[in-house]
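This note sets out points for a colleague who is reading the structure alongside its sequence. The points are numbered so that each may be taken up separately.

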Amino acid sequence: MQRCHRYLGRLHVPILGDTFRRPWEGELAVALPKAVKVDILLLILWHIWKTRNGLIFERQYSSPVDIPRRVLKDIDVWCSPYKKLRLEVQAWREWLANCIL
């Protein structure tokens, strides 16, 4: 759980109060398009969950940097259905890529 807190903190996702239970309702420190906010944050949470399961059930260790890399890969794969929101998805992708530098 501490790794999850550190990772979300690194992404500037607020983790105080009920916002931690619903991070898609929180505000980020940077101004990013809201049109795909829920999609991207759920994708990040999905990869945190998958990484957790890999550690518990398959004893696969992943570094915190592996999670955003996997998210970026998924964004590249599924961005085609978001043709109308391409610029919004790209802004989120760039932000996430900068978080792992």
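1. The expected span of a helix is taken as 1.5 Å times one less than its number of residues. For helix 4, with 14 residues, that rule gives 20 Å, and the end C-alpha atoms of helix 4 are 20 Å apart, which agrees. Helix 2 can be held to the same rule: its 22 residues reach 31 Å from the first C-alpha to the last, close to the 32 Å expected.

2. The coordinates are those of a predicted model, and every remark below should be read in that light. The protein chain has four helices and zero strands. Read from the N terminus, its elements run α-α-α-α. Of its 101 residues, 33% count as buried.

3. Which residues of helix 2 are buried? They are Lys37, Ile40, Leu41, Leu43, Ile44, His47, Ile48, Thr51 and Gly54. These residues cover an arc of only 155 degrees around the axis, which puts them on the same side of helix 2. Phe57 and Glu58, both exposed, are carried on the face of helix 2 turned away from that buried side.

4. Thr51 deserves a separate remark. This residue belongs to helix 2 and has a relative accessibility of 9%; it therefore counts as buried, a class that requires a value under 20%. The side chain of Thr51 reaches the backbone oxygen of His47 at 2.8 Å. His47 is itself listed among the buried residues of helix 2, so the contact joins two members of that list.

5. Leu55 lies in helix 2, which covers residues 37-58. With a relative accessibility of 39%, Leu55 counts as partly exposed. Together with Ile56, Phe57 and Tyr61, Leu55 makes a nonpolar surface patch of about 470 Å². Phe57 thus appears twice in this account, as a member of the patch and as an exposed residue on the face turned away from the buried side of helix 2.

6. The backbone just after helix 2 merits attention in any check of torsion angles. There Arg59 takes a positive phi of about 55 degrees, and this is a positive value in a residue other than glycine. Arg59 is placed in the loop between helix 2 and helix 3. Is Arg59 buried or exposed? Its relative accessible area is 77%, over the 50% that the exposed class requires, and therefore Arg59 is exposed.

7. Ser62 is also found in the loop between helix 2 and helix 3. In contrast to the exposed Arg59, Ser62 counts as buried, at 7% relative accessibility. The side chain of Ser62 is joined to that of Arg70 by a polar contact of 3.0 Å.

8. How many salt bridges does the structure hold? There is one. Side chains of opposite charge can pair when their charged atoms come close. Here the side chains of Asp76 and Arg93 meet, at 2.6 Å from N to O. The pair links distant parts of the chain, with Asp76 in helix 3 (residues 66-78) and Arg93 in helix 4 (residues 86-99), 17 residues apart. Both partners are partly exposed: Asp76 has a relative accessible area of 41%, and Arg93 has a relative accessibility of 22%.

9. Helix 4 also has a buried side, made up of Val89, Trp92, Trp95, Leu96 and Cys99. Seen down the axis, these residues fall within an arc of 125 degrees, so they line one face of helix 4. The face turned away from this buried side carries Arg86, Leu87 and Asn98, which are exposed.

10. Asn98 closes the list. It is found in helix 4 and counts as exposed, at 52% relative accessibility. The C-alpha atom of Asn98 is separated by 10.0 Å from that of Pro68, and the two residues are 30 apart along the chain.

Technical notes: Residues numbered from 1 in each chain as written. Predicted model: local features only at pLDDT ≥ 70, side-chain atom pairs only at ≥ 80, totals over all residues. Heavy atoms only, no water. Patch = residues over 30% accessible without salt bridge, like charges linked within 9 Å, V, L, I, M, F, W, Y side chains within 5 Å. Areas by Shrake-Rupley, 256 points an atom, 1.4 Å probe, with all protein chains shown as cover. Salt bridge = Lys/Arg side-chain N within 4 Å of Asp/Glu carboxyl O. Buried < 20%, exposed > 50% of the residue type's maximum accessible area, 1.4 Å probe, protein only. Arc of directions from axis to C-beta. Polar contact = N/O pair within 3.5 Å; in protein donor to acceptor, adjacent residues only side chain to side chain.
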